[in-house]
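User: I would like to go through this model and ask, term by term, what each description rests on. Could we begin once the structure is shown?

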Amino acid sequence: MPEAPARLTEIRGEGEAAIEAAGSAAELEELRVRYLGRKAELTQMLRSIGELPPQQRGPVGKGANEVKRALEGLLDSRTSALAASELDERLRTDAIDVTLPGDPPAAPGHLHLITETRREIEDVFLGLGFSVAEGPEVEFDYYNFTALNHPPDHPARMLADTFYFTDEVLLRTHTSPMQVRAMEETEPPIYIIVPGKVYRRDSDATHTPMFHQVEGLAVDDDITLGDLQGVLLEFARAIFGAERDIRLRPHYFPFTEPSVEVDVSCFACNGTGTLDRGARCNLCKGSGWIEILGSGMVDPNVLGFVAHNGYDPERVQGFAFGMGIERIAMLRHGVPDLRLFFENDVRFLEQFGR
Ligand code: PHE
């Protein structure tokens, strides 16, 4: 192969030109394979040196090795030069201008409508001299039912209505168990409200398995149903407007006697049941009244469970009430479905709490 040295010069020239022209690490890798890989012409020449006439082996082998080293060296230096300039470029474009103002702060969140409503209710009663107490959501059957004078066969005690952990431990079905807990802790007089979560085995447009209540309890000398009425009238006006009235309807709860349900005069039709153009008011269904809570005078049997702490039913008496926070919020804001509160759809939530 007398032409071998000439071919080597060609390979070297072509290879060097291609390597100089390459603009990326990937291109350089391709060239490395093309000129120095297993199937490269140069590699084949080196491999078949043994087939040459003996006097050519020395010069061709030496020449081929020289070309190989030259191309390798050039590939290596071009590769590192390219890496360095890519790094320079990245440093230049990724540079942070620390003199620019920071990102605008994310829009702050806001209170959930239930939290906002709870706080408004608390504010009303704080203004009337009540303090806020909280109690456990996992409760003993004793506080949830027994000490609240629930007969053994009361439907609320049934498995179908209440979440039980054991026969004696359950998720409280109302905030009323705090009545007896608070009276065990504090001698009379006592004026408290108890906001919190409660649980029932219910689920539809107007019932969720968890919801919120606010309990109220006032026990002192000479508390009467008139005091209850005055407190609740004040509450109704603070929440539903200064024009509101309330009415008490006889009802039944195991732990109050007498028991009453309390209605507020409708704020959509001003208690008339009829809208401006004579149409029936939808909110109160034409009755002029909207039910807002249950209440009554604390049953002497309940006081009997805490008589040892000064709650002698012969000496003190009191009233209690319980309302659903969701119900109050739905009425005030025209929320059509209770489940909206807990689906966490921001399109709903962001309309409130600003
Ligand atoms: N605990 C009752 C309920 O959840 C409400 C209530 C509270 C009634 C206090 C009377 C007195 O339905």
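Analyst: In this predicted model, seven strands form an open sheet with mixed pairing, in the order β1-β4-β5-β9-β8-β7-β6.

User: What makes β1 and β6 edge strands?

Analyst: Two strands count as paired if there are at least two bridges between them. Strand β1 (131-132) and strand β6 (246-253) each pair on one side only, and on that ground they are the edge strands.

User: How do you know that β5 and β9 pair, and in which sense?

Analyst: Pairing requires at least two bridges, and strand β5 (residues 210-220) and strand β9 (residues 317-324) share eight bridges, so the requirement is met; their sense is antiparallel. Within this pair, alanine 218 stands opposite phenylalanine 319 in β9.

User: How do you know whether the chain has the radius of gyration of a compact globule?

Analyst: The globule rule, 2.2 Å times the number of residues to the power 0.38, puts a compact globule of 354 residues near 20 Å, whereas the chain has 43 Å. The chain therefore does not have the value that the rule gives for a compact globule. Along its principal axes, the C-alpha trace spans about 130 × 55 × 40 Å.

User: What makes a residue buried here, and how many of the 354 residues are buried?

Analyst: A residue is called buried when its relative accessible area is under 20%, and buried residues make up 41% of the 354 residues in the chain. The chain exposes about 19,400 Å², of which carbon and sulfur atoms supply 52%.

Notes. Residues numbered from 1 in each chain as written. Predicted model: local features only at pLDDT ≥ 70, side-chain atom pairs only at ≥ 80, totals over all residues. Heavy atoms only, no water. Buried < 20%, exposed > 50% of the residue type's maximum accessible area, 1.4 Å probe, protein only. Areas by Shrake-Rupley, 256 points an atom, 1.4 Å probe, with all protein chains shown as cover. Helix = DSSP H or I, 4+ residues; strand = E, 2+ residues; numbered from the N terminus.
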